[in-house]
Amino acid sequence: MSITRYQPGKRMSQAVAHGNTLYVAGQVATDYNGSIEKQTSEVLEAIDRLLAEAGTSKSKVLSCQVILNNIADFAAMNSVYDTWIDPANPPARACIEARLAHPSLKVEIIAIAALD
């Protein structure tokens, strides 16, 4: 099976396709000063762009791992996430609290999706 790397960099690719599966690296907001809602929206937009680049969409997302730097942001993050997911095809999901790469980051999301 072939492997396709999307937006490869020195350390990592933003997404990697192998077989019929796309692995999306953890995405974070570009606006470190944004609210949890703004950062969540930016992260989900970044995931949408990577899914589209690979030829798939959020209706094909199999799994999401949400990392919050403060679990108290859970409800606010969900207020954005819930409008993003395809209600007919919700992915498996986990949500944990952990420190992120920069103290101003509030959310990081990792996704796995099926390819057509």
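Begin with the whole chain in view: this protein has two helices and six strands, and the model you are looking at is a predicted one. Following the chain from the N terminus, you meet the elements in the order β-β-β-α-β-α-β-β. The radius of gyration is 14 Å, close to the 13 Å that the globule rule gives for 116 residues, so the protein is as compact as a globular protein of that length. If you turn the C-alpha trace along its principal axes, the spans are about 40 × 35 × 20 Å.

**The sheet as a whole**

Next, select the strands together, and you will find that the six of them form an open sheet in the order β1-β2-β3-β6-β4-β5, with mixed pairing. Look at the edges, where β1 and β5 (92-97) stand; each has a single partner strand, so one side of each is left without a neighbour in the sheet. With direction ignored, neighbouring strands of this sheet are turned against each other by 10 degrees on average.

**From β1 to β3**

Now select residues 3-8, which make up strand β1, together with residues 13-18, which make up strand β2; the two pair in the antiparallel sense over five bridges. Four residues carry the chain through the hairpin that joins β1 to β2. To see individual bridges, pick T4, whose partner in β2 is A17, and then Y6, whose partner in β2 is A15.

Add strand β3, residues 21-28, which runs antiparallel to β2 and is joined to β2 by four bridges. Here V16 stands opposite Y23 in β3. The connection is again a hairpin, with two residues between β2 and β3, and in this turn G19 has a positive phi of about 60 degrees. While side chains are displayed, keep in mind that in a regular strand they alternate between the two faces of the sheet.

**β4 and β6**

Move along the sheet and select residues 61-68, strand β4, with residues 107-114, strand β6: these run antiparallel and are joined by seven bridges. One of the residues to highlight is Q65, whose bridge partner in β6 is I110. From here, bring α1 into view, since this helix packs on the sheet and touches β1, β2, β3, β4 and β6, while its direction makes about 150 degrees with that of β3.

**The two helices**

Finally, select helix α1 (residues 36-53) and helix α2 (residues 74-84), which pack at an angle of about 30 degrees with their axes 8 Å apart. Angles under 35 degrees count as roughly parallel, and α1 and α2 are therefore roughly parallel to each other. Their crossing is right-handed.

Which residues of α1 and α2 meet? On the α1 side, display I36, E37, T40, S41, L44, I47 and D48, and on the α2 side A76, M77, S79, V80, Y81 and W84. Colouring this contact of α1 with α2 by class will show eight nonpolar, three polar and two charged residues.

Technical notes: Residues numbered from 1 in each chain as written. Predicted model: local features only at pLDDT ≥ 70, side-chain atom pairs only at ≥ 80, totals over all residues. Heavy atoms only, no water. Pairing = 2+ DSSP bridges. Axes fitted to C-alpha atoms, helices over the stretch in contact; angles between N-to-C directions. Parallel < 35°, antiparallel > 145°, perpendicular 65-115°, else oblique. Left-handed = near helix turned anticlockwise from the far one by under 90°. Contact = heavy atoms within 4.5 Å. Nonpolar A, V, L, I, M, F, W, Y, C, P; charged D, E, K, R; others polar. Rg over C-alpha atoms; globule rule 2.2 N^0.38 Å.
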